[in-house]
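Student: Hey, can you walk me through this one? I'd like to talk about charges, cysteines and the surface.

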Amino acid sequence: MKAIVYTKYGSPEVLQLKEVEKPIPKENEILVKVIATTVTVADIRARSFTVPLPVWLPARIALGFRQPKKDILGMELAGEIESVGKDVKRFKEGDQIFAASLVGFGAYAEYKCLPEDGPVSIKPNNLSFEEAAAIPIGARTALFHLRKANIKNGQKVLVYGASGSVGSYAVQIAKYLGAIVTGVCSTSNLELVKSLGADKVIDYTTEDFSSKGETYDVIFEAVDKSSFSACMKSLKKDGTYINVPVPLPGVRMLWTKLTTSRKLILGRDSPENPEALDFLKELVEAGKLKVVIDRTYEFEEIVEAHRHVEKGHKKGNVVINVEHNNKS
């Protein structure tokens, strides 16, 4: 089968299209014919090994010191089940699914084996494979962290970085949970964020949200580009601060936790089970969740796709079509 392989860290050019052995599913696994995958920020970080300094050592241990342990990237996918292991009960051959492959990576390939009890669900019936592939990482991440904030109806939520993958889903999920949502983004994305249901939008290129005198119950930092002090200035005394890209607290965060009643929620991976995807599937089919696709690339254009995402200005998600031939 064809796969995008990388054997060293570096620029997008380290990604190479190669023939590799087609996987065989274990007794509890499904073999998925991958039809679409995506390029996420996590893929960029793993490929280039640009990770936050506090997690440099554990990231090196997990990803590999001298070269990548897992040579096929790809954190999410949508496709069709080609075969199942003998112990599989949830799925059958021919099922159309969408899934996260964060633990083992590997979605940049024509086929991928996944455990049936992992983050795998039947694809929403009103989405294309390309749209469905763009849900498992960004939407699950937004849902996981917003649930931790215990948002109540009528609470005010600010989403910083509201036009990216995680941010665009955070705006919509917060609205579903009953919040009054303010989205912060650039000028070119104001209409997009409004269309996702944001009650207010702030253009960070012309306005500083923290200088407007408004306070929020929850501040959701999707891209880690606002200052912590600005967020604290605009967060209610008993409010919740969420920072998805940052896994460990800095000195100011630790001091805030020790000296105030504010709740700080930092980045964590979503649980490796199907519950969140099952829930998101229902939201999509009910028309409560839209997928924003910035650009779509062919499998052979993966280097160009990585270059685009690496610039840091994508709207929503960048999708890769995985072509198949009969010899795969």
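Tutor: Sure, let's go through the salt bridges, the cysteines, some backbone angles and the surface patches. Keep in mind that this is a predicted model.

Student: Okay, salt bridges to start. How many are there in the whole structure?

Tutor: A search of the whole structure turns up 15 salt bridges. The general idea is that side chains of opposite charge can pair when their charged atoms come close.

Student: Show me one. Which residue does Glu272 pair with?

Tutor: Glu272 forms a salt bridge with Arg140, at 4.0 Å from N to O. Glu272 sits in the loop between β13 (263–266) and α9 (275–285), while Arg140 is in helix α4, so the pair ties together parts that are 132 residues apart in sequence.

Student: And is Arg140 buried or exposed?

Tutor: Arg140 counts as buried, because its relative accessibility is 2%. Its partner Glu272 is partly exposed, with a relative accessible area of 34%.

Student: Got another one? What does Lys175 pair with?

Tutor: Lys175 meets Asp199 in a salt bridge, 3.1 Å from N to O. Asp199 lies in the loop between α6 (190–195) and β10 (200–203), and Lys175 is in helix α5 (residues 165–176), so this pair ties together parts that are 24 residues apart in sequence.

Student: How open are those two to the outside?

Tutor: Asp199 counts as partly exposed at 41% relative accessibility. Lys175 is partly exposed too, with a relative accessible area of 31%.

Student: Do salt bridges ever link up here? Which residues end up in one network?

Tutor: Glu27, Lys86 and Asp87 are joined into one network by salt bridges that share partners. Within that network, the side chains of Lys86 and Asp87 meet at 3.2 Å, N to O.

Student: Is Lys86 buried or exposed?

Tutor: Lys86 is exposed, because its relative accessible area is 65%, which is over the 50% cut-off. Asp87 has 31% relative accessibility, so it counts as partly exposed.

Student: Switching topic: cysteines. How many disulfides are there?

Tutor: The search of the whole structure finds 0 disulfides. Take Cys185, which is in no disulfide: the nearest cysteine sulfur, that of Cys231, is 15 Å away.

Student: Remind me what a disulfide is?

Tutor: A disulfide is a covalent bond between the sulfur atoms of two cysteines.

Student: Right. So is Cys185 buried or exposed?

Tutor: Cys185 counts as buried, because its relative accessibility is 2%. Cys113 is also buried, at 12% relative accessibility.

Student: Now backbone angles. What's the deal with phi of Phe105?

Tutor: Phi of Phe105 is near 55°, a positive value in a residue other than glycine. Phe105 is found in the loop between β5 (96–100) and β6 (111–115). At 7% relative accessibility, Phe105 counts as buried.

Student: What about phi of Asp224?

Tutor: Phi of Asp224 is near 55° as well, again a positive value in a residue that isn't glycine. You'll find Asp224 in the loop between β11 (216–221) and α7 (228–234). With a relative accessible area of 38%, Asp224 is partly exposed.

Student: Cool, on to the surface. Which residues form the positive patch?

Tutor: Lys148, Lys257, Lys263 and Arg268 form a positive surface patch. Lys148 belongs to helix α4 (residues 138–148) and counts as partly exposed, at 37% relative accessibility.

Student: And the negative patch, which residues form that?

Tutor: A negative surface patch is made by Glu300, Glu301, Glu304 and Glu323. Glu323 is in the segment after β15 (317–321), and with a relative accessible area of 43% it is partly exposed.

Student: Last one. Which residues make up the nonpolar patch on the surface?

Tutor: Those are Leu53, Trp56, Leu57, Ile61 and Phe65, and together they have about 550 Å² of accessible area. Among them, Ile61 is found in helix α2 (residues 56–63).

Student: How exposed is Ile61?

Tutor: Ile61 has 45% relative accessibility, so it counts as partly exposed.

Note on methods. Residues numbered from 1 in each chain as written. Predicted model: local features only at pLDDT ≥ 70, side-chain atom pairs only at ≥ 80, totals over all residues. Heavy atoms only, no water. Disulfide = S-S within 2.5 Å. Buried < 20%, exposed > 50% of the residue type's maximum accessible area, 1.4 Å probe, protein only. Patch = residues over 30% accessible without salt bridge, like charges linked within 9 Å, V, L, I, M, F, W, Y side chains within 5 Å. Areas by Shrake-Rupley, 256 points an atom, 1.4 Å probe, with all protein chains shown as cover. Lys, Arg positive; Asp, Glu negative; His and termini not counted. Charge placed at Lys NZ, Arg CZ, Asp CG, Glu CD. Helix = DSSP H or I, 4+ residues; strand = E, 2+ residues; numbered from the N terminus.
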